[in-house]
Amino acid sequence: MNGIYNLNTRVEKLSKEHTIIIDYVARFNKSYQDRDKEFFKGLVTFFNFLEKDLLAHFRYEEIVIFPASILGESSYGNTLMVMALQKEHGVLEHQLQYLIDDLKALKSSSEKLSPALLEKIKAFIDALKSHAKREMTDLYPMVNANAESKALLELYMKEIDRA
């Protein structure tokens, strides 16, 4: 998995947030495999941090990388890919909120984590991993290969820094 996510291109270096997502996915998957009871006791906290970092990451992509990609390379295929990735952001945000609500309700009821909820969480983590992989293998190399997209990326980043 780590080979897919190496930070060799300019776009990937500018979007270091993907390492945050990779860390969350890896941490959850290791705890899931090990059946780490202590980790699962703190699952609400884990998801609260994930939510904060993930939403910031999505916003960065939506206001910097996605516009630079579409405006730099406005082909039909690229536009569809960016639109699909942005739609996935909404779906993932929605799923994350439901999971957080379920985990908070579970914590307040003092019930144990059910296998069904654990599988929903695992499915969410897998979807997040798949989404990040698509961005890293499809979108970022395309942006990195397009001079206009890279120039727009630099411009948008400067604008954000000034804001």
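## Tyr-76 and its patch

Tyr-76 is exposed, because its relative accessible area is 67% (exposed means over 50%, buried under 20%, partly exposed in between, with a 1.4 Å probe and protein chains only). This is a predicted model, where local features need pLDDT of at least 70, side-chain atom pairs count only at pLDDT 80 or more, and totals for chains, interfaces and linings use all residues. Residues are numbered from 1 along each chain as its sequence is written, and side-chain values use heavy atoms, leaving out hydrogens and water.

Tyr-76 joins Leu-80 and Met-83 in a nonpolar surface patch of about 370 Å². Patch residues have over 30% relative accessible area and no salt bridge; nonpolar side chains (Val, Leu, Ile, Met, Phe, Trp, Tyr) are joined within 5 Å, like charges within 9 Å. Areas come from the Shrake-Rupley method with a 1.4 Å probe; for residues, only the protein chains shown count as cover. A salt bridge puts a side-chain nitrogen of Lys or Arg within 4 Å of a carboxyl oxygen of Asp or Glu.

## Asn-78

Tyr-76 is found in helix 5. Asn-78 lies in helix 5 too, which covers residues 76-109 (helices are DSSP runs of H or I, at least four residues, numbered from the N terminus). Asn-78 counts as buried because its relative accessibility is 1%. Beyond residues up to four places away in sequence, Asn-78 touches Ser-69, Ile-70, Glu-73, Leu-139 and Met-142 (contact means heavy atoms within 4.5 Å).

## Asp-102

Asp-102 lies in helix 5. Its relative accessibility is 32%, so Asp-102 counts as partly exposed. Leaving aside neighbours within four places in sequence, Asp-102 contacts Leu-117 and Lys-120. Asp-102 and Leu-117 are 15 residues apart in sequence, and their C-alpha atoms are 8.1 Å apart.

Conventions: Helix = DSSP H or I, 4+ residues; strand = E, 2+ residues; numbered from the N terminus.
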